[in-house]
Amino acid sequence: MKKFNNLNKNRSKAHGYRFTVGRILQVVLALVFLVFIGRFLYLGISRDVAGQDIAKRTNDLYKRNEVLKATRGTIYDSNGLTIAEDSHSYTVYAILDKSSVDYKNRPMYVSDKEKTASKLAEVLPISKEKILKYLHPKHKAYQVEFGSAGSGLTMEQKKKIQAMKLPGIKFEETNSRLYPNGTFASHIIGLAQLQNDSHNSSSQSLVGTMGIEEYFNKQLAGKNGYRETFVDAAQYQTSSNAHVYKPKQDGDNIYLTLDSQLQTYMENLLDNVQNKYDPKSLTAVVEDVKTGKILAASQRPTFDPQTKKGLDSNWRDILIQDSYEPGSVFKILSMTAAIQTGTYNPNQLYRSGSITLNGSTIHDWNTSGWGSIPMSQAFPRSSNVGMATLEQEMGNKTWKEYLKKFHIGEKTNVTLPGENPGLVSVKSNLDGAVTSFGQGVNVNVMQMMQVYSALANGGQMIKPQLVDKIVSPDGKTVSSFHREKVGSPVFSEETAKKTLDLMQDVVNKEYGTGRAYKIDGTSLAVKTGTAQIAGPTGGYLTGDNNYVFSVVGLTPANDPRYCVYITMRQPQKMTDDPEMILAQIFKPLVNRLSVSSSHASVTKVEVPDVTNKSINKAKSSLGDRGLTAEIIGNGKTVVQQATAAGVKVNNGTKVLLYTGGTVKCPDMKGWTKQEVMSFSSVTGISITISGSGNKVTSQNTPKDQVISQNSKLTVTCK
């Protein structure tokens with residue numbers, strides 16, 4: 001009985017404990033409930049947490065912002081061939097951290113480094129051993145890249161690596177600029193490089209940093225758009241009306257006045273002289289002086305905008321950013337001024353060799369002179385004394401007026417950044433005399449081209465121009481080239497004719513300084529130049545090679561259409577006379593221009609738009625206009641045409657059509673360099689061109705062999 005009573009007591013105590021615990025739990029739950037109710041009431045009334053608006057925080061959680069990148073405009077040559085265009089490249093990287101796994105606990109890191117290195121070496125231009133070194137870093141790393149070998153990859157390379165299904169291998173896409181022609185008017189075209197956006201440091205855009213790319217950056221860049229959307233908890237886009245969308249505006253396309261075939265030909269000529277004689281600088285320009293259109297222009301040293309090779313030390317555009325004393329090619333200005341003012345008397349005799357002014361002696365290049373000679377020989381012989389005599393008779397005041405009319409010391413405002421206006425100062429009789437033969441005055445190359453244009457236009461200077469037209473993405477012409485006169489005519493047609501006659505004497509007379517530039521059967525007006533170079537501490541440098549050697553030529557001489565101007569500064573290997581060196585560039589260019597001029601009557605036809613058309617329809621459309629098609633790839637429709645629609649080309653021109661798919665090597669024998677470069681541009685396949693000619697004579701890859709962007713094609717031109 002006693003045990004029973006104790007059991008009842010224990011049960012009673014346990015019941016009391018449970019009751020007490022239950023009460024406590026009820027109170028705690030009630031307090032928690034009250035706290036939540038209070039919190040909800042507070043949030044509902046204040047709509048604020050830790051100083052942040054709840055609605056905004058929720059909105060930000062489900063809002064997605066996307067920048068719609070504008071496509072940078074393409075730069076074309078005068079015939080519609082691509083010089084610079086937007087592209088996309090990829091950088092491959094490897095994740096090494098073993099904590100990187102997917103939701104099924106499968107590795108998202110490089111699990112088999114031997115296999116990964118072996119496979120990547122099949123696509124990347126790097127050995128398996130070097131890849132393994134990257135995959136075994138000295139210090140612990142979450143991920144690694146593979147240096148330059150792993151960057152700048154094409155879509156095809158990316159797809160090949162993706163097909164290998166290698167764990168831990170990822171890609172990052174970047175915008176890039178494609179320059180398919182390599183070293184090609186590099187300082188004129190310029191460069192566009194990735195830079196951080198001013199409004200978003202995590203985003204990058206292509207920005208022009210040199211040349212046309214920089215000068216017309218705003219037009220080429222276009223404007224980015226954006227899209228603002230909202231998603232639900234499952235990350236699906238909602239149908240909310242609050243979505244914001246602003247379309248992107250792609251950049252305008254720019255068509256230059258440059259002729260790719262002539263430009264490529266000039267580049268090869270410059271390379272040959274640069275490699276053989278090693279001048280400190282070399283420039284060459286070809287202009288249609290009737291219109292002011294620059295047909296070709298380049299310099300040495302230069303760089304390759306695609307690989308950036310040579311860029312670090314050769315970023316200056318010598319053609320417009322550097323000024324120099326031009327030497328005797330400047331005598332064209334003093335000669336025209338003397339003729340126009342009536343100062344020049346061809347039969348007047350003067351004593352050559354030297355002349356003393358203000359206590360200083362001016363010498364001819366032939367210091368002993370040629371005795372007493374008629375003034376008609378002063379210009380062909382390039383006599384400094386003759387020009388100084390004419391300038392003194394003309395007077396400093398009149399000479400300064402003509403220098404101003406020629407806009408010496410003023411920018412041409414050619415469409416390139418950073419133009420140097422040069423400098424001229426005529427304060428004394430000696431200053432006037434010295435400037436008359438191109439010393440003591442600083443100019444840039446484009447200023448001289450502007451002056452020379454007056455000889456072809458009855459004394460009226462024409463502004464040099466590089467842009468033919470600017471076209472919007474939808475094909476509408478935004479602005480187009482127009483011939484632009486500079487000031488009023490500086491001299492008359494009669495003066496121009498007399499000066500051109502004297503320039504013909506330079507190349508045709510036995511005593512002319514330009515005999516090395518004579519081309520049988522070609523009408524040429526020429527002036528040579530040899531300018532002293534100012535020393536760093538005053539005075540001028542001495543030595544046979546310490547000069548700026550130059551030549552300017554106009555053809556045909558009686559009614560000039562083309563002007564060729566070449567300068568060469570301090571050749572380090574002067575194994576030939578300077579005239580013989582420059583003639584290696586000058587004469588081939590003039591011959592090329594003469595051929596172009598003689599075929600000016602060839603029928604021009606407009607290239608039709610055949611993109612997205614079937615191969616048969618594209619061939620038919622081109623054939624109807626007297627053009628031929630070269631099909632590249634085994635696709636069924638045309639993806640891209642090498643020559644843009646609307647461009648006028650010669651009847652019978654070959655138009656390359658890319659259809660995608662497998663590409664087989666065509667028989668390129670007989671192709672021009674430009675056609676080879678067009679093939680490389682549309683396919684993305686790099687081709688090495690050797691030889692100085694313009695026609696392909698052999699190729700290292702047989703016809704119909706399947707090729708890809710990893711193929712190494714080489715063609716020889718003669």
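## Internal cavities and an exposed loop residue

The second largest cavity has a volume of about 40 Å³, where a cavity is a set of points on a 1 Å grid over the protein atoms alone at which a 1.4 Å probe fits but cannot get out, and a volume is the space filled by probe spheres set on the points, which are joined across faces, edges and corners. This is a predicted model, in which local features need pLDDT of at least 70 and side-chain atom pairs count only at pLDDT 80 or more, while totals for chains, interfaces and linings use all residues. Residues are numbered from 1 along each chain as its sequence is written, and side-chain values use heavy atoms, with hydrogens and water left out.

By this rule there are 3 cavities of 30 Å³ or more.

| Cavity | Volume | Lining by class |
|---|---|---|
| Largest | about 70 Å³ | 4 nonpolar, 6 polar, no charged residues |
| Second largest | about 40 Å³ | 5 nonpolar, 4 polar, no charged residues |

Lining residues have an atom within 4 Å of a point, and the classes take Ala, Val, Leu, Ile, Met, Phe, Trp, Tyr, Cys and Pro as nonpolar, Asp, Glu, Lys and Arg as charged, and the others, Gly among them, as polar. Helix H19 (residues 673-683) gives the most to the lining of the largest cavity, with 5 residues; helices are DSSP runs of H or I of at least four residues and strands are E runs of at least two, numbered from the N terminus. Among the residues lining the second largest cavity are Tyr 179, Phe 184 and Pro 305.

Thr 307 lies in the loop between strand S14 (293-300) and helix H10 (318-321), and counts as exposed (over 50% relative accessible area, 1.4 Å probe, protein chains only) because its relative accessibility is 52%.

Conventions. Buried means under 20% relative accessible area, exposed over 50%, partly exposed in between (1.4 Å probe, protein chains only). On a 1 Å grid over the protein atoms alone, a cavity is a set of points where a 1.4 Å probe fits but cannot get out, and a pocket is an open set with protein on both sides within 12 Å along at least five of seven lines; lining residues have an atom within 4 Å of a point.
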